[in-house]
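Work through the exercises below with the model open. Each task is followed by its solution.

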Amino acid sequence: MSIKGFLFDFDGTLFFNSDHHLISTGRVFEKYYGVPAPDEQTSINKIFGRTNRTIVLENIDPNATDEEIQLYEDRKEQEYRDLCIENSANIHLTPGAIELLDYLKDNSIPCCMATGSPISNVDFYREQFGIDRWFGYGNLLYSDGSFPGKPAPDIYIAAAKKIGLDPCECVVFEDATSGIQAAHDAGCGGIVAVYEKKFELPDSTKAMVDIICHDLTNWRNILKSYGI
């Protein structure tokens, strides 16, 4: 089946912010829960791309209540957004992202943003990046508790449906091990891994992707490889 649409993770993919998530997660783990800050590789394998619920249950307290999970989310995401503001010079989309998204919009090619972030961060991104230029609530999914987080495939199945396509008709742009697994298990028609050079994916994860790149400046060739 031919490719007709594109699904995008945001954190670490359209916005290289993994350092901010790594730092803010470590600070909150240590300050409020007495849990050692996860190192870089642990974060790639077990933190990045996952919902706050999953992070709490797997790393802090498997019996945490909804209220305790929400408190963790409020603390961690506020710490994260504060870091972004403190480093405002780095508040920009991945090189090539604007051109790619504009091309898809100008050519009426369906796309959907599918992020494990909560609504508080989505609103922050709308304010900082103007992402509503490409992603309104009609083609945007975020962590609202209505589906399991990555690596479960639900978010990409739902994202494809939201733009009227089957997953096999969609290419996913992802950076995280959990997100790539989710896209693979959803049966998506292609996966492009986009992440900063200083990070690295496990070989088992790389085996699931078609293309690996460290920015989106080569977006025209990426689209051509999928017949667009």
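The exercises cover pockets, then cysteines.

The model is predicted: local features need pLDDT of at least 70, side-chain atom pairs count only at pLDDT 80 or more, and totals for chains, interfaces and linings use all residues. Residues are numbered from 1 along each chain as its sequence is written, and side-chain values use heavy atoms, without hydrogens and water.

**Exercise 1.** Describe the largest pocket and its lining.

Solution.
- Step 1: take the term. A pocket is an open set of points on a 1 Å grid over the protein atoms alone, where a 1.4 Å probe fits, with protein on both sides within 12 Å along at least five of seven lines; lining residues have an atom within 4 Å of a point.
- Step 2: read the volume, the space filled by probe spheres set on the points. The largest pocket has about 320 Å³.
- Step 3: find the centre. Of 19 lining residues, Arg 53, Glu 73, Ser 143, Asp 144 and Gly 145 are closest to it.

**Exercise 2.** Describe the second largest pocket.

Solution.
- Step 1: its volume is about 230 Å³.
- Step 2: 16 residues line the second largest pocket; Phe 15, Phe 16, Asn 17, Asn 90 and Glu 196 lie nearest its centre.

**Exercise 3.** Why do Cys 170 and Cys 188 form no bond?

Solution.
- Step 1: apply the cut-off. A disulfide is a pair of cysteine sulfur atoms within 2.5 Å.
- Step 2: compare. The sulfur of Cys 170 is 6.4 Å from that of Cys 188, its closest cysteine sulfur, so the two are too far apart for a bond.
- Step 3: check the whole structure. It holds zero disulfides.
- Step 4: add accessibility. Cys 170 is buried (under 20% relative accessible area, 1.4 Å probe, protein chains only), at 0%. Cys 188 is also buried, at 13%.

Notes:
Buried < 20%, exposed > 50% of the residue type's maximum accessible area, 1.4 Å probe, protein only.
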